[in-house]
Amino acid sequence: MSDFLAMGGHGVYVWTAYGLSLVALVAVGAWPLLGMRTLVRGLKRRREHGEAEAT
C-alpha cells in the first residue's frame, strides 16, 4: 500500500494534484448554490418589505 501511495517518489505531487482538483470541483459545484441562496434571500426580503416590482 505504501508503494502505491508513494508512486515511485512522485506521490506527493500526484496526491496534491488530486486534492486540489477535488477542492476545485467542490468549489465549482457549491458556488452557484450559494449564489442561488443569496438571490432567494434577497427576493424574500424585497417581498417582505413591499419592494417587489408591480406587474
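# Notebook: surface, rings and distances

I began with Leu-34, which counts as partly exposed at 46% relative accessibility. I noted at the outset that the model is a predicted one. Leu-34 has its place in helix α2.

**Entry on distances.** I looked up how far Leu-34 lies from residues earlier in the chain. From His-10 the separation is 24 residues in sequence and 36 Å in space, taken C-alpha to C-alpha. I then took Val-12 as a second partner for Leu-34: these two are 22 residues apart in sequence, and their C-alpha atoms are 32 Å apart. Val-12 is also placed in helix α2. I asked whether Val-12 is buried or exposed. Its relative accessible area is 62%, and because exposed means over 50%, Val-12 is exposed.

I next chose a pair that reaches further along the chain. Gly-9 and His-49 are 40 residues apart in sequence, and 62 Å separates their C-alpha atoms. I found Gly-9 in the loop between α1 and α2. Gly-9 is exposed, with a relative accessible area of 57%.

**Entry on the loop.** I stayed with the loop between α1 and α2, where Met-7 is also found. I looked up the backbone of Met-7 and recorded a phi near 50 degrees, which is a positive value in a residue other than glycine. For its surface, I noted a relative accessible area of 27%. Buried means under 20% and exposed over 50%, so Met-7 is partly exposed.

**Entry on aromatic rings.** How many aromatic pairs does a search of the whole structure find? I recorded 2 aromatic pairs. In one of them, the rings of Phe-4 and Trp-15 have centres 6.0 Å apart and planes at 65 degrees. Planes over 60 degrees apart count as edge-to-face, so I entered the pair of Phe-4 and Trp-15 as edge-to-face. I then asked which parts this pair ties together. Phe-4 lies in helix α1 (residues 2-6) and Trp-15 in helix α2, so the pair joins parts that are 11 residues apart in sequence. Phe-4 is partly exposed at 49% relative accessible area, and Trp-15 is partly exposed at 37%.

Trp-15 also forms an aromatic pair with Tyr-18. Here I noted 5.5 Å centre to centre and 40 degrees between the planes, and the pair is tilted. Why are Trp-15 and Tyr-18 separated by about one helical turn? The two are 3 residues apart in helix α2, and that spacing gives about one turn. Tyr-18 is exposed, with a relative accessible area of 54%. I drew the ring pairs together in my notes: they link Phe-4, Trp-15 and Tyr-18 into a cluster.

**Entry on the nonpolar patch.** I returned to these rings when I looked at the surface. Phe-4, Trp-15 and Tyr-18 form a nonpolar patch there with Met-1 and Leu-5. Together the five residues have about 610 Å² of accessible area. Which elements give two or more residues to the nonpolar patch? I recorded α1 and α2.

**Entry on the positive patch.** Finally, I looked up where positive charge gathers on the surface. Arg-37, Arg-41, Lys-44, Arg-45 and Arg-47 form such a patch. I examined one of its members, Arg-41, which lies in helix α2 (residues 11-48). Arg-41 is partly exposed, with a relative accessible area of 49%. Exposed requires a value over 50%, so Arg-41 stays in the partly exposed class.

Terms used:
Residues are numbered from 1 along each chain as its sequence is written. This is a predicted model: local features need pLDDT of at least 70, side-chain atom pairs count only at pLDDT 80 or more; totals for chains, interfaces and linings use all residues. Side-chain values use heavy atoms; hydrogens and water are left out. Patches are made of residues with over 30% relative accessible area and no salt bridge: like charges are joined within 9 Å, nonpolar side chains (Val, Leu, Ile, Met, Phe, Trp, Tyr) within 5 Å. Accessible areas come from the Shrake-Rupley method with a 1.4 Å probe; for residues, only the protein chains shown count as cover. A salt bridge is a side-chain nitrogen of Lys or Arg within 4 Å of a carboxyl oxygen of Asp or Glu. Lys and Arg count as positive and Asp and Glu as negative; His and the chain ends are not counted. The place of a charge is taken as NZ of Lys, CZ of Arg, CG of Asp or CD of Glu. Helices (H or I, at least four residues) and strands (E, at least two) are DSSP runs, numbered from the N terminus. Buried means under 20% relative accessible area, exposed over 50%, partly exposed in between (1.4 Å probe, protein chains only). Rings of Phe, Tyr and Trp (its six-membered ring) pair if their centres lie within 6.5 Å; planes under 30 degrees apart count as stacked, over 60 as edge-to-face and the rest as tilted.
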